[in-house]
Amino acid sequence: MKIKNIKRGALTIMAVTALTFSCKDSFLDVEPTGSLSETQLLSPAGLEGSLIGAYSMLNGKGFDRQSGPNNWMGQMLGGVSNKGTDPGDGAVYNAIQRFEGNSATSNFENLWKAKFEGIARANSTIKLAIASDQITDATRTRIIAEARTLRGHYYFGLKMWFDSVPYIDETVADEDIPSIPNTPDVWGNIEADFKFGMDNLDETQSDVGRVNKWAAASYLAKTYLYQQKYTEAKALLDNIMSSGQTSNGLKYQLLDEFPQIFNAENDNHAEAVWAVQSSNQTGSTNNANWFDDLNYPYNTGADGPGNCCGFNQPSFTMANMYRTSSGLPLLDESFNSAANEVKNDYGVESADAFTEDAGPLDPRIDFTIGRRGIPYLDWIEHPGKKWIRNQPYAGPYSPKKFVYYKTQENSFTDGSSWTRGYATMNVPIIRYADVVLWAAECEIALGNLDKGREYINMVRARVANPDTWVMEYDGSGPAANYQIELYDSFSGDAEAWKALKMERVLELAQEGHRFWDLVRWGDIDHFMNDIYFPHEGKILVTMFGGAKFTANKNEILPIPRTQIDIQPALKQNPNYN
C-alpha cells in the first residue's frame, strides 16, 4: 500500500488497567489490549509502522490548525493574510496577528507539542531500527535516514518559531528530558540530520511522500541559507538543479502552468520536491487537509467550495504587491499608495454594480487571491461580499491556492464531515520554485547578480505565457489586465535584493514562508510597522488599529508557560514573561 494512503495511521500503544480477580499471579502476565510485542515492534512491519507514525505528524493532526504544514500562522504574521472571518470566531487569533500573543497562548503550546511529538516518534523509530536484528543493514540505514530527515524538519520549525529549544535525540532517556535546557545552538544538529538523509537515501523512493536524497539535500541547503552560509548552500543547490530526479525519472522542474501546482489531480508532479500527502481514500477526514477546512469562502452554498468559514483572508497589502509597471513589480514599495492599490469591492454589496481593477497586474494575483468579478477556479465569478463573512473586519478577499475545483467535489474532497471543505491536494514542504529562488538568493549574496537574475527570470517566465492566465468563462480573453516581463538587468546589489525578495512573495504567497523570510532578512520590523499595519489599520480598524511589531521580541514566539512549568530547565525567550 502506498504511503499516500496509510501514513496518517500513526502507530499507537494503548495502556489498560489490569484487574485482578484470580489467585494466580500468572493471570497478570498478559499483553495490554492493543499493544505490540517487542518482536512485532522490531519486525520490518513494526519498524515501517513506527516510521509512518513519524510521517503522520507532518499534518499536525491531533493539535490545532497552526500545527499544519500550510504554516498559516506564518502567513498571518508575515502580512500576506489576516485571520479573516469575524471577531468572535477563533478569537485567540486576534491577539496573535497583532503580535500580542503571550506564553499562555494555547496555539503556541500546541505548535510546540506537535513538533516535539514528531521528534519523539522519529527518535523512537531510530531506536527501534538500531535495536532490530530482523532487518538488513541497508534497510536499517534507510529507515534511520528517513527518520532523521523528519526529525530535522520538526526541529527546523521549532528553531524558526522559538529559536531556543531543548535538543532531544534518540540517545536521551525519557527521565532525563525535564533536565535538558533550551538553547539556540541547534543548527548543527539540524544540519547533521539532513546531511545524514542526503548521504544515505536513494534518489527516488518506491512510495510517494517519503523523503528522498534530493529532498534532504534541499532542506540542508535551506538550513545553510537561513544561516547565511551562502557558499555551502549554493554548492548543494547547483547539484540539485543539475542532477535532482523525481520519482518518475524526470528532473525536478517548474511546471508549465502555475495553477497545476495546487491541483489535486496533478499531485506528486515534477515541482514537488517534498510534499505532505493528502487522501480521502480511507473515508476519514484525518487524511484530508483538515488544517484548511476553515479557510474557504463563507456562505458559498452550491456555487462555491467549502461553504465555511472565511478564515485566512488575503490582505490588501498582498493584493497590492501584484501591481506592475512595465510588467515589473513596484520595488520602491509604492504598491500601497492610492495610485497603485488594487481596486476592490470593499463596502460594496454583491447586488450592486462593480467594475474590476483595470490596471496592470502580475497574473499570479488571480491564482492566489479570490476577488470579485474574477473566475474562482471552475465555480463562478467571485461574487464579492456575499462570500465574505465580515468585510469591515477582514476585508474583501478569499484564499485560492489550496482550494478544490467544482469538478473534484467528492472525488478529490472528503465530504463526510460537517463541512465540504476537506480537500485532498498535497501541501508542498519544498517545491522547486522555492529551490530556484534560494539559488537566486545565494548568487546575489555572493555578488553574481546576472546569475541571480537568470534564476528569478526562470520563475517569472513560467507565468508570462498568456495561455496559462486566468480567462473569462465566456472565452473572451484574460480575466484582468495581466502584464509581466522579465528583468533585463539589475542596477546593483540593492535592486537585485529587492527583486529577489519581491519575487518570493509573489510566487510563494499563502504557502507559509513570508514571516520567516522577513525575519531572516531583518525586514520584519520595517515591513510590519511602516507598510503593513499603517495600510491595513486605516481600513480594518477593528482588526489592526494600534497593532505593533516589537523588535527584539516578536521575531520569535514565547516558550509556552506550561512547558516551563513541567520542565524547570527551560528559560523564557527575551522580553517575554
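Start by selecting residues 1-24: pLDDT stays under 50 throughout this stretch, and the model gives it 56 contacts beyond four places in sequence. This is a predicted model, so keep colouring by pLDDT switched on because pLDDT is the predictor's confidence in each residue. Across the protein, pLDDT averages 91, and 92% of the residues score at least 70.

Next, select strand E3, residues 311-314, and pick out Gln313 within this strand. Is Gln313 buried or exposed? Gln313 is buried, because its relative accessibility is 2%, and the cut-off for buried is under 20%.

Now show the side chain of Gln313 and look for its polar partners. One of its polar atoms lies 3.0 Å from the backbone oxygen of Gly395. A polar atom of this side chain also lies 3.1 Å from the backbone oxygen of Tyr397. To see the surroundings, add the residues that Gln313 touches beyond four places in sequence: Ser81, Asn82, Lys83, Gly84 and Thr85, then Ile388, and finally Ala394, Gly395, Pro396 and Tyr397.

For the last stop, turn on the cavities. The structure has nine of 30 Å³ or more, and the largest has a volume of about 310 Å³. To find this largest cavity, select Pro69, Asn71, Lys115, His153 and Trp516, which lie nearest its centre among the 25 lining residues. Then display helices H6 (106-131), H7 (137-162) and H9 (213-226) together with strand E8 (427-431), the elements that each give two or more residues to this lining. Which element gives the most? That is H7, with five residues. Colour the lining by residue type and you will find 13 nonpolar, nine polar and three charged residues.

Key. Residues are numbered from 1 along each chain as its sequence is written. This is a predicted model: local features need pLDDT of at least 70, side-chain atom pairs count only at pLDDT 80 or more; totals for chains, interfaces and linings use all residues. Side-chain values use heavy atoms; hydrogens and water are left out. pLDDT is the predictor's confidence in each residue, from 0 to 100. Contact means heavy atoms within 4.5 Å. Helices (H or I, at least four residues) and strands (E, at least two) are DSSP runs, numbered from the N terminus. Buried means under 20% relative accessible area, exposed over 50%, partly exposed in between (1.4 Å probe, protein chains only). A polar contact is a pair of N or O atoms within 3.5 Å; within protein, one must be able to donate a hydrogen and the other to accept it, and residues adjacent in sequence count only if both atoms are side-chain atoms. On a 1 Å grid over the protein atoms alone, a cavity is a set of points where a 1.4 Å probe fits but cannot get out, and a pocket is an open set with protein on both sides within 12 Å along at least five of seven lines; lining residues have an atom within 4 Å of a point. Grid points are joined across faces, edges and corners, and a volume is the space filled by probe spheres set on the points. Ala, Val, Leu, Ile, Met, Phe, Trp, Tyr, Cys and Pro count as nonpolar, Asp, Glu, Lys and Arg as charged, and the others, Gly among them, as polar.
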